[in-house]
Amino acid sequence: MESERGQIVVGVDASDGSERALEWALQEAAVHGDRLLLLHAWHFPAMGVANYAGDTLPVFGRGDLEQLAVDVLDGAMQIATTLAPDVKVEVELAKGDPAA
């Protein structure tokens, strides 16, 4: 009888700390034969400022922010498949406050 494998969940946000957490999770998943779930949360509205202190800043729309979130997950998946091609990796994009 084959034992059921576990799942490791790691939040990713493209920061250095997130990348270190991803690397650790990949190592653990490889050692224990677990699946890995890459999770990124985003929310809208985000505040945008058109002009502040003389600098013009971009104002992001909902679609722009969602695409940035997808890009974060894509980047994490690329790292995962490069570092641990034998680990089964899934992704989840969650809409909502990341701190909640």
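Q: Leaving aside its neighbours within four places in sequence, which residues is Ser 18 in contact with?
A: This is a predicted model. In it, Ser 18 is in contact with Gly 11, Val 12 and Asp 13, once neighbours within four places in sequence are left aside. Ser 18 itself lies in helix H1.

Q: Is Ser 18 buried or exposed?
A: Look at relative accessibility; under 20% means buried. Ser 18 has 8% relative accessibility, so Ser 18 counts as buried.

Q: Where do I look for the nonpolar core, and how many residues has the largest one?
A: Start with the general idea. In soluble globular proteins, nonpolar side chains tend to be buried together. Now this case. The largest nonpolar core has 16 residues. Among those with the most contacts inside it are Val 10, Leu 22, Leu 36 and Val 87.

Q: Which elements give two or more residues to this core?
A: Two strands and two helices do: strand E1 (7-11), helix H1 (16-32), strand E2 (35-42) and helix H2 (62-83).

Q: What does Val 87 touch, not counting residues up to four places away in sequence?
A: Val 87 touches Leu 26, Ala 29, Ala 30, Asp 34 and Leu 36. Leu 26 and Leu 36 are also listed with Val 87 among the core residues with the most contacts.

Q: How do I read the sheet: in what order do the strands come?
A: Follow the pairing from strand to strand. Here three strands form an open sheet, in the order E1-E2-E5, and the pairing is parallel. E1 and strand E5 (89-95) are the edge strands, each pairing on one side only. From one strand to the next, the twist averages 25°.

Q: How many bridges join E1 to E2?
A: Five bridges join these parallel strands. Take one residue as an example: Ile 8 has Leu 36 in E2 as its bridge partner.

Q: Which strands do the helices lie across?
A: Take each helix in turn. H1 lies across E1 and E2, and runs at about 170° to E1. H2 lies across E2 and E5, and runs at about 155° to E2.

Q: At what angle do H1 and H2 pack?
A: Compare the two axes. H1 and H2 pack at about 40°, with their axes 10 Å apart. That angle makes H1 oblique to H2. The crossing is right-handed.

Q: Which residues of H1 and H2 meet?
A: From H1 come Glu 19, Leu 22, Glu 23 and Leu 26. They meet Ala 76, Ile 79, Ala 80 and Leu 83 in H2. Leu 22 and Leu 26 also appear among the core residues with the most contacts.

Key
Residues numbered from 1 in each chain as written. Predicted model: local features only at pLDDT ≥ 70, side-chain atom pairs only at ≥ 80, totals over all residues. Heavy atoms only, no water. Core = buried A, V, L, I, M, F, W, Y, C linked by side-chain atoms within 4.5 Å. Buried < 20%, exposed > 50% of the residue type's maximum accessible area, 1.4 Å probe, protein only. Helix = DSSP H or I, 4+ residues; strand = E, 2+ residues; numbered from the N terminus. Contact = heavy atoms within 4.5 Å. Pairing = 2+ DSSP bridges. Axes fitted to C-alpha atoms, helices over the stretch in contact; angles between N-to-C directions. Parallel < 35°, antiparallel > 145°, perpendicular 65-115°, else oblique. Left-handed = near helix turned anticlockwise from the far one by under 90°.
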